[in-house]
Amino acid sequence: MSAPFTRMDVEALRAQTPGTHGTVHFNHASASLPSSATLRAITDHLEREATHGPMEAGAAAADEADQARTLAAALLNAQPDEIALTGGTSQGWGTAFAAMGEWRAGERILVGRHEWGGNLAAMYLAARRNGVSIDVIPSDVSGAVDPEALAAMLDERVRLIALTWLPANGGLINPAEAIGKVARRHRIPYFIDAAQAVGQLPVDVARIGCDVLSTACRKALRGPRGTGLLYVRRDFLHRLTPPLVDRYSAPIDAHGAPILREDAGRFESAETSVALRCGLANALREALTIGVPDIRARIDHLATRLREQLSEIPSVTLLDDGVERSGLVAFNAAGRDAHRLQSELATRGISIGVSGVPYTPLDMQARKLNQVARASVSYLNDESEINHLVDTLRALMR
Ligand SMILES: Cc1ncc(COP(=O)(O)O)c(C=O)c1O
């Protein structure tokens, strides 16, 4: 498909997406709408399991299920042996973090202000157990994590730099590559939470220079819920010992010794949903076929339009930091609880999300926010849906 999307391209994609027929979906940052073909890839495999037996069907579909790994590697500019197929962002991130081993008193972790609350929880527990300090990297005037401020904070005690690339509570895009340059220069492990980025922005792990990158696949990628990708740089892998292993990730050899896999499969388990992997393979193929640069351009176009229209409603305040912005449009409406707004829109057939303090505690506290409403766009949305959302909001706020 050539850039930009034509009206016919969008209509065709929507025709192949059942969720666009009955609802107006602006909640892609929570979970997007899978295509009919992705849905079929899942249900076809479940039928094969019921008909032939799950193990037998799994063996027959092993190549297709494993395509998810190869396609994910192509999407991230990684090698297939650097990709583990996981159940979601936090699962991948948390397992990689736990695999760093014990922490020593006095060691430091540096985090961006927008770090996902689940990752922070894992870091806080390790910090509390071991006397590790967690320091927040200052942001620049636009709200983005400042690579120069990061460089000024470094010393030999820093053992991890953690960045949430695109926050859950606003449209900011953090400078992942510039931070990677600092991390590489100082040889400090660098973890990225890319839950909101993968499928929305072009991602090149080699350029970014991260050691670990984790994402869910149910968001911009439109994969099935319960799927995720964990990238681990090949040269970093040997430094990670997963806290949980099984016969797949660490099979016992002829001498009775567990042999940890040499690839990112050391983060996978023997038992998994083959049906979801088949669905994920299809979603990845679709994203690669459409082309992520085109997806990015269309999302940017739609999100800019939505921001412009929302800014014309007097009682609405836009809450997106940053200069370059994602498809996640954060706002609050004066005097209106965001959850109430969400349910009022839901009764009118429009889905949006709400982000609370636990999602991004450091940034919410820094900006004195309790909650934000978030309308997140996909390339599947069209202009008429944006008009409908804005008109409905305007009517609700009258
Ligand atoms: C930036 C970010 N990180 C992590 C997560 C959590 O992802 P998961 O539910 O797949 O663990 C989310 C979910 O919305 C998110 O927005």
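**Stop 1: Asp204**

Select Asp204 in this predicted model. Asp204 sits in the loop that links strand S6 (190-193) to helix H10 (205-208). Color by accessibility: Asp204 is partly exposed, at a relative accessible area of 23%.

Which residues does Asp204 touch, once neighbours within four places in sequence are left aside? Show Leu76 and Asn77; both are in contact with Asp204.

Now add Glu148 and draw a C-alpha to C-alpha distance from Asp204. The distance reads 22 Å. In sequence, Asp204 and Glu148 are 56 residues apart.

**Stop 2: the cysteines**

Next, select the cysteine sulfurs. How many disulfides does the structure hold? The count is 0.

Start with Cys210. Its closest cysteine sulfur belongs to Cys217. The gap is 15 Å, too far for a bond, given that a disulfide needs the two sulfur atoms within 2.5 Å. Is Cys210 buried or exposed? Cys210 is buried, with a relative accessible area of 0%.

Move to Cys278. Here too, the closest cysteine sulfur is in Cys217. That sulfur is 14 Å from the one in Cys278, again too far for a bond. Cys278 has 2% relative accessibility and counts as buried, since the cut-off for buried is under 20%.

**Stop 3: the whole chain**

Zoom out and switch to cartoon. The chain has 16 helices and 13 strands. Its radius of gyration is 21 Å, close to the 21 Å from the globule rule for 398 residues, so the chain is as compact as a globular protein of that length.

Align the view to the principal axes. The C-alpha atoms fill a box of roughly 75 × 60 × 35 Å.

Turn on a contact map. Take the contacts between residues at least 6 apart in sequence: 70% of them join residues at least 24 apart.

**Stop 4: surface and charge**

Show the surface. What area does the chain expose? The figure is about 16,900 Å², and carbon and sulfur atoms supply 53% of it. Beneath the surface, 56% of the 398 residues count as buried.

Finish with the charged side chains. Select the positive set, which numbers 42. Then select the negative set, which numbers 46. How far apart do the centres of the two sets lie? Place a marker at each centre: the separation is 4 Å.

Notes
Residues numbered from 1 in each chain as written. Predicted model: local features only at pLDDT ≥ 70, side-chain atom pairs only at ≥ 80, totals over all residues. Heavy atoms only, no water. Buried < 20%, exposed > 50% of the residue type's maximum accessible area, 1.4 Å probe, protein only. Helix = DSSP H or I, 4+ residues; strand = E, 2+ residues; numbered from the N terminus. Rg over C-alpha atoms; globule rule 2.2 N^0.38 Å. Contact = heavy atoms within 4.5 Å. Areas by Shrake-Rupley, 256 points an atom, 1.4 Å probe, with all protein chains shown as cover. Lys, Arg positive; Asp, Glu negative; His and termini not counted. Charge placed at Lys NZ, Arg CZ, Asp CG, Glu CD.
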